[in-house]
Amino acid sequence: MTHPFTKLTTTASSKPPPPLMTFTFLLILCIIGFYTLHHPYPSPATPPLRNPQTALHFQKTFLSLSSNYTVSSYLRDLTHHPHLAGTEPSLDTVRYVQSHFEQLKFNTHTVEYKALLSYPVHASVSAHFSNGTTVELSLTEKGISQNAILDVVQPYHAYSPSGSAYGKVVFVNYGREEDYRALEAAGVNVSGCVVMARKGSVLSRSGVIFLAEAKGAIGVLLYAEWDRLRGGGVERGTVMRGVGDPLSPGWAGVEGGESLDLEDSEVSKRFPKIPSLPLSFENAQIILGSLWGGFVTQFLNDLGRVNGGRVGPGPTMVNLTFQGKKKVATIHNVFAVIRGLEEPNRYVLLGNHRDAWTYGAIDPNSGTAALLDIARRYALLMRLGWSPRRTIIFCSWDAEEFGMIGSTEWVEENLVNLGAKAVAYLNVDCAVQGPGFFAGATPQLDDILIEVTKMVKDPESESGTLYDQWSAPNRIFNGLQD
């Protein structure tokens, strides 16, 4: 997700993750190390440290301090149990991150906000086929223990309204405007139907739901194609429009501050009016394979594998029921500060979110483990006499999964200060996730991103760099990705 700062985000393919210390993690460390270490930052009283050789020494020392064991221990501790924002188990991760920063002797503090969050009470989906049979679809992931089932929140869409929808199913591809135009051209009308969509990269989850509502659908089932690689996994997520606490739009939800009522029009317009639920890829195929009705050639790349491109309506009927609860909960952002020597009022922010729908091993805690290890290395460098030129702020956000709430509330509270003093924000949620390297950044960071990838050895090659591996398939030209 996009954070409200200039950002650098690394992600990767959805293939199963390899060992924790991969070249993506090394790249993160190099980027941050390069960004803060490529200038010597001593006080004016120690001019010899301004020698470029000393700066290079700190860079090499920073990289040499890496430890697979240390990073893996952070990840193990962070993912010991689920830690959904606003729940009691999430406080363990708050205390863990805060304690880590305090042990490093950093100036550490936690900032709390009140925010409206959403949790499930009950959910069910049943498919009623034309031959008279009915199948109750399991919404629980396969392959996890009974204890895990009890600990992990059931699959749901945060902020979906409670309600039921019973109607014929129509497959709407990615649920975009062009998909509905294709359906209309084929004579397919979704009004009064339950639509099924697959999650794409263009339209957000909330965008799919709100557009389906505008087209007259009475409910939405959403699945992710990449879930088939995860053995029956289900992708939870939020369907709220916008970011930040819906009860305090534009200002921070601080204790005792102004808050809108749940029935306020500014609040209610951010939530859809029709219920929705996530489905596993496997369950989605059961329903898709039973559809007749219209035929849309544009959808064949998915439906062609299932039933020859038939999109409905029906004859399969679906009964979708969801009951949820919205409640105001306390969320916690954790910060640690290393004061800069030469420009203490210029901030470089390093961060990612901490909360997760379930265990969060890849997203976000591979990134949190990296963040904690970067902090550890900086603490060791400071013992050797290094200090940053600008102030570094480590940021551990809460309630990102619900709509980037923790980071947005903090920005709203500190908007003027950040507008005047923030230099850059480097964000890494998924530090390690399968082979390959992907990154996105504002144009100001293009050159440094390219330069750093040329410094990192490709672990899959005897002599190549990460830049060599990255540029070949992606055709990087003049520092930009085609």
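Which charged end sits over the ring of F210? Select F210 and R241 in this predicted model. The charged end of R241 is placed over the F210 ring, 3.6 Å from its centre.

Next, extend the selection from F210 to helix α7, residues 205-214. Eight of its 10 residues are buried, so the helix is largely enclosed by the rest of the structure. F210 is one of the buried residues, as are its neighbours I209 and L211. To see what encloses them, show the elements that the buried residues of α7 pack against, including α6 (177-185), β6 (194-198) and β7 (219-223). After the helix comes G216, with a positive phi near 100°.

Now move to the aromatic rings. The whole structure contains 16 aromatic pairs. Select F106 and F394: their ring centres are 6.0 Å apart and their planes meet at 10°, so this pair is stacked. F106 is in the loop between α4 and β2, while F394 is in strand β14, 288 residues apart. Both F106 and F394 are buried.

Then select W357 and F402, a tilted pair with 5.0 Å from centre to centre and 50° between the planes. W357 is in the loop between β13 and α11 and F402 in the loop between β14 and α12, so the pair ties together parts 45 residues apart in sequence. W357 has a relative accessible area of 9%, and F402 has 0%; buried means under 20%, so each counts as buried. Add Y119, Y156, Y159, F271 and F322 to display the cluster that ring pairs form with W357 and F402.

Last, select T70 in helix α3. T70 is buried, at 16% relative accessibility. Beyond its neighbours within four places in sequence, T70 contacts D373 and R376.

Definitions and conventions
Residues are numbered from 1 along each chain as its sequence is written. This is a predicted model: local features need pLDDT of at least 70, side-chain atom pairs count only at pLDDT 80 or more; totals for chains, interfaces and linings use all residues. Side-chain values use heavy atoms; hydrogens and water are left out. Buried means under 20% relative accessible area, exposed over 50%, partly exposed in between (1.4 Å probe, protein chains only). Helices (H or I, at least four residues) and strands (E, at least two) are DSSP runs, numbered from the N terminus. Contact means heavy atoms within 4.5 Å. Rings of Phe, Tyr and Trp (its six-membered ring) pair if their centres lie within 6.5 Å; planes under 30 degrees apart count as stacked, over 60 as edge-to-face and the rest as tilted. A charge sits over a ring if NZ of Lys or CZ of Arg is within 6 Å of the ring centre and within 35 degrees of the ring normal.
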